[in-house]
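Visitor: I am new to this structure and would like a close look at a single part of it. Could you pick one helix and walk me slowly through what surrounds it?

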Amino acid sequence: GRAAMRVVNEAAYERATPAAAAAAEIDRLRGRVLRELARERPGRHDVKFGRGALAELQLTVGLLQLVHGHDQRVRTTRTERAIAALGASGVLAAEQTQTLQQAHELLRRLEQRMRVVHGDDTHLLQQGAPGLGPLARRMGLRGRPAHEAAAELVRSYRDTTERVHRCYQQIVGSLLPVSTLGRGNGA
């Protein structure tokens, strides 16, 4: 296992991949995820594959790990640890670190609570769905009518994913020519 991990680390972190090439590949991959996997439309949000959702957050962090992998602290498979390490090393600004940490925590909790409420691996947050009130309560939104808690959950989700998407644009955009960011992928 250790030998395999040495090979993985060498391939991921020690082979010089130009930052612009890595960013272009991440942006291309993100575009495919949005087109082929996300099932978003107005009123329906994909917690896993949607715009600003878990996949976009993880791709952003993964890109930074590739680009800054010479720093041993960022070499981890745990997203929350990678975010902390990237913040501590100065790669992420304090605001970006906080945004990504809070978003990761909220999105993972939401994904896990959705599994409990729905009894399956769904990752779609549908406005007006009957399970949205119970989901909001599982997320800690209590002391108000279910429809108000559900509306607050959706607002929180949308605000969070918008902040993640802005981080994605800032980070990937800083590594790519502006004219190529989000080209053809529904930026």
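Guide: Gladly; what follows is a walk around helix 7 and the parts that meet it.

Before we set off, please keep in mind that this is a predicted model. Helix 7 covers residues 146-175, and we can visit its partners one at a time.

Let us begin with helix 3, which spans residues 54-67. Helix 3 and helix 7 pack with their axes 9 Å apart, at an angle of about 30°. Angles under 35 degrees count as roughly parallel, so helix 3 is roughly parallel to helix 7. Their crossing is left-handed. If you want to find the contact on screen, look on the helix 3 side for Glu 56, Leu 57, Thr 60, Leu 63, Leu 64 and Val 67. Facing them from helix 7 are Val 164, His 165, Tyr 168, Ile 171, Val 172 and Leu 175. Sorted by class, the residues of this contact of helix 3 with helix 7 are nine nonpolar, two polar and one charged.

Just ahead of helix 3 there is a small stop to make. Ala 53 sits in the loop between strand 1 (44-46) and helix 3. Is Ala 53 buried or exposed? Its relative accessible area is 0%, and buried means under 20%, so Ala 53 is buried. Leaving out residues up to four places away in sequence, Ala 53 touches Asp 46, Val 47, Lys 48, Leu 107, Tyr 157, Thr 161 and Val 164. Look at Tyr 157 in that list: Ala 53 and Tyr 157 are 104 residues apart along the chain, yet their C-alpha atoms are separated by 9.0 Å.

Next comes helix 5, residues 94-118. The axes of helix 5 and helix 7 come within 10 Å and cross at roughly 135°. The two helices are therefore oblique to each other. Helix 5 passes helix 7 in a left-handed crossing. On the helix 5 side, the residues involved are Gln 96, Thr 99, Leu 100, Ala 103, Leu 106, Leu 107 and Leu 110. They meet a set of helix 7 residues that includes Leu 153, Tyr 157, Thr 161, Val 164 and Ile 171. By class, the contact of helix 5 with helix 7 has ten nonpolar, six polar and one charged residues.

Our third partner is helix 2, residues 19-36. Helix 2 and helix 7 pack at an angle of about 140°, and their axes are 8 Å apart. From helix 2 the contact uses Ala 19, Ala 20, Ala 23, Ile 26, Asp 27 and Arg 30, while helix 7 supplies His 165, Tyr 168, Val 172 and Leu 175. In this contact of helix 2 with helix 7, seven residues are nonpolar, one is polar and two are charged. Ala 24 is also found in helix 2. With a relative accessible area of 36%, Ala 24 is partly exposed. The C-alpha atoms of Ala 24 and Val 172 are separated by 8.1 Å, although these residues are 148 places apart along the chain.

Now let us step back and see where helix 7 fits in the nonpolar interior. Which residues touch the most other members of the largest nonpolar core? They are Leu 110, Leu 125 and Leu 153, out of 32 residues in that core. The elements giving two or more residues to this core are helix 3, helix 4 (79-88), helix 5, helix 6 (132-138) and helix 7. Helix 7 makes the largest share, with eight residues. Leu 110, which we met in the contact of helix 5 with helix 7, touches Val 47, Leu 125, Leu 135, Met 139, Leu 153 and Tyr 157, not counting residues up to four places away in sequence. Apart from the largest core lies another one, of eight residues, among them Ala 23, Leu 59, Val 172 and Leu 176.

To gather the walk together: helix 7 packs with helix 3 at about 30°, with helix 2 at about 140°, and crosses helix 5 at roughly 135°. Val 172 is a good residue to revisit, as it takes part in the contact with helix 3, in the contact with helix 2, and in the core of eight residues.

Conventions: Residues are numbered from 1 along each chain as its sequence is written. This is a predicted model: local features need pLDDT of at least 70, side-chain atom pairs count only at pLDDT 80 or more; totals for chains, interfaces and linings use all residues. Side-chain values use heavy atoms; hydrogens and water are left out. Axes are lines fitted to C-alpha atoms, for helices over the stretch in contact, and angles run from 0 to 180 degrees between N-to-C directions. Helices (H or I, at least four residues) and strands (E, at least two) are DSSP runs, numbered from the N terminus. Angles under 35 degrees count as roughly parallel, over 145 as roughly antiparallel, 65 to 115 as roughly perpendicular and the rest as oblique. A crossing is left-handed if the near helix is turned anticlockwise from the far one by less than a right angle, and right-handed if clockwise. Contact means heavy atoms within 4.5 Å. Ala, Val, Leu, Ile, Met, Phe, Trp, Tyr, Cys and Pro count as nonpolar, Asp, Glu, Lys and Arg as charged, and the others, Gly among them, as polar. A nonpolar core is a set of buried Ala, Val, Leu, Ile, Met, Phe, Trp, Tyr and Cys residues joined through side-chain atoms within 4.5 Å. Buried means under 20% relative accessible area, exposed over 50%, partly exposed in between (1.4 Å probe, protein chains only).
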